[in-house]
Amino acid sequence: MNAKALLLSLVLLPLTALAQAPVIQISGANFRPLPLAAPAPLVQGEVAKASTQEVDAALMYDLRASGIFQVLDRNSFLADPKEGMAAGSINFSRWADVGAESLVKYTLSQENGELKAEARLFNVGSGREDFKTTQSAPAAEPRALAHKVADAIYRFYTREPSPFLSRITYVRKSGANRDVWVADWDGHNAKQMTRGGINLLPALGPDGTLGYTSYQQGKPDLYVRKPGGDTVRIKTSEGQMATGISFSPDGKRIAYALAEEESAQIWVAEADGDNARQITDTRFGINTSPSWSPDGKRIAFVSNRGGSPQVYVMNADGSGVKRLTFQGNYNQTPDWSPRGDLIAFTARDERNAFDLFTVHVDSGKITRLTQDQANNEEPSFSPNGRLILFTSTRNGGSQLFVMTADGNNQTPLPAREKATLTTPDWGR
């Protein structure tokens, strides 16, 4: 696992009252997360204890899992827990003593069915308040409030969107059934989207449209459901088996694999399945698992045309095919980073274990992300390309994990119950 794929440096912006703040720049070869202290919230008025705990747990998870902060252990704090929110009431030397470079303080209140949080960010070295944000959410959705606060903090420090407000989809195994679920990025607020049978390989389009493969009619077909709409089957010819839907970045097109007799080919169609056309043509060959580039001009896919499953890229019309992976004899499930530079994939190693890798699209450089922790498969990049969602059996069953794009900070999603979860996709 490469532990030196990110550089986190503190840079001062031009000296204006608005912009005197450290900016986390995530690039380069060294990695140093920002030491961040985040004490428990100060509760104002009547707020349910359960809501307070939910907000705090979700906020801490977001900050820790982001990979850019070193969230300090609260048991090490030396400052007075009742210390105020204003810079003048904070003993910054106590925070410096525990290694904090930045300090997040926040309050919680509730009024008229709304939860409200006010968060303030401080530079411990200078004793200066750098940023303040106020966020609100329905009282019944405390985790949503936490994700909004975490997003504001992330945006302040990185100047780019966080993944905390996004959604994921995956398959949950229950007996003989495989059902598709959609959840918040951390796995909470999950909703079951199919009811029984075999439903596989879900994907989320940019507008929230859900696509998946289902055996509802005895053979694999593609189904799509727009938010609030009905589920519609993408029609194929008799005897054809369609799998692995992938939405283009603008949501206007889909790519998928269509198998017939002894071969499987990649097809591209409009989002409703119209005007479908075949873009690969390898007789007796298997071409599967399409994944769009962020500009929608190219598609990564898996093909055995060279004798074993390997990752290839081609133009969206099927021209310009280029093989990307040459190491190993079983590479699959490519996912193209929204940043455009990397493709993550699953590979089977010499011990028949599955692990995750990335390949640089231009240079072909391979980076190993997981190793010696059971099987790790099915990577999917976050919308900002900074994190990767994947499945792992390291804890005894197939669970969802998240890590940085260089393989660091591997963290399980805070699932509430043990279940077999597979084939995740992170909505763009």
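Two strands pair if DSSP finds at least two bridges between them. That rule opens the way into this structure, which is a predicted model.

Start with strands β7 and β8. Strand β8 covers residues 128-138, and β7 pairs with β8 in the antiparallel sense over 10 bridges. One match to look for is Ala-117, whose bridge partner in β8 is Gln-135. The two strands form a hairpin with four residues between them. In that turn, Gly-127 has a positive phi of about 70 degrees.

Now turn to the other neighbour of β7. Strands β6 and β7 also pair in the antiparallel sense, over 10 bridges. Here Ala-117 appears again: in β7, Ala-117 is the bridge partner of Leu-108. β6 and β7 form a hairpin too, with two residues between them. Asn-112 sits in this turn and has a positive phi of about 55 degrees. Strand β7 itself, residues 114-123, is mostly covered. Seven of its 10 residues are buried.

From β6, step across to β3. Two bridges join β3 to β6, and these strands run parallel. Ala-37 stands opposite Leu-103 in β6. β3 has a parallel partner in β5 as well, joined by three bridges. There, Leu-36 stands opposite Val-71. In a regular strand the side chains alternate between the two faces of the sheet. Strand β3, residues 34-37, can be read in that light: Leu-34 and Leu-36 point one way, and Pro-35 and Ala-37 the other way. All four of these residues are buried.

Next come two open sheets. One has four strands in the order β16-β17-β18-β19, with antiparallel pairing. Its edge strands are β16 (241-247) and β19 (277-278), and each pairs on one side only. Five bridges join β16 to β17, residues 253-260, and the two run antiparallel. Thr-243 has Ala-257 in β17 as its bridge partner.

The other open sheet has four strands in the order β11-β10-β9-β32, again with antiparallel pairing. Where are its edges? β11 (191-192) and β32 (420-426) stand there, each with a single partner strand, so one side of each is left without a neighbour in the sheet. Within this sheet, eight bridges join β9 to β10, residues 177-184. Those two strands run antiparallel. The bridge partner of Ser-174 in β10 is Asn-177.

Helices meet as well. Helix α1 spans residues 49-65 and helix α3 spans residues 142-158. Their axes come within 8 Å and cross at roughly 35 degrees. The crossing is right-handed. On the α1 side, the contact residues include Val-55, Ala-58 and Leu-59. On the α3 side they include Leu-145, Ala-146 and Val-149. The residues of this contact divide into 10 nonpolar, two polar and three charged.

Charged residues deserve their own tour. Side chains of opposite charge can pair when their charged atoms come close. The count here comes to 21 salt bridges.

One of them joins Lys-105 and Glu-83, with the closest N and O atoms 2.8 Å apart. Lys-105 lies in strand β6 and Glu-83 in the loop between β5 and α2, so the pair ties together parts that are 22 residues apart in sequence. Are the two partners buried or exposed? Lys-105 is buried, because its relative accessible area is 5%, and a residue counts as buried under 20%. Glu-83 is buried too, at 7%.

A second salt bridge stays within a helix. Arg-94 pairs with Asp-97, and the closest N and O atoms are 2.4 Å apart. The two residues are three apart in helix α2, so about one helical turn separates them. Arg-94 is partly exposed, with a relative accessible area of 30%. Asp-97 is partly exposed at 46%.

A third salt bridge brings Arg-339 to Glu-160, at 3.8 Å from N to O. This pair links distant parts of the chain, 179 residues apart. Arg-339 is in the loop between β24 and β25, while Glu-160 is in the loop between α3 and β9. Arg-339 is partly exposed at 42% relative accessible area, whereas Glu-160 is buried at 15%.

Finally, look for a network. Salt bridges that share partners join Asp-349, Arg-351, Asp-355, Arg-368 and Asp-372 into one.

Notes. Residues numbered from 1 in each chain as written. Predicted model: local features only at pLDDT ≥ 70, side-chain atom pairs only at ≥ 80, totals over all residues. Heavy atoms only, no water. Axes fitted to C-alpha atoms, helices over the stretch in contact; angles between N-to-C directions. Left-handed = near helix turned anticlockwise from the far one by under 90°. Contact = heavy atoms within 4.5 Å. Nonpolar A, V, L, I, M, F, W, Y, C, P; charged D, E, K, R; others polar. Salt bridge = Lys/Arg side-chain N within 4 Å of Asp/Glu carboxyl O. Buried < 20%, exposed > 50% of the residue type's maximum accessible area, 1.4 Å probe, protein only.
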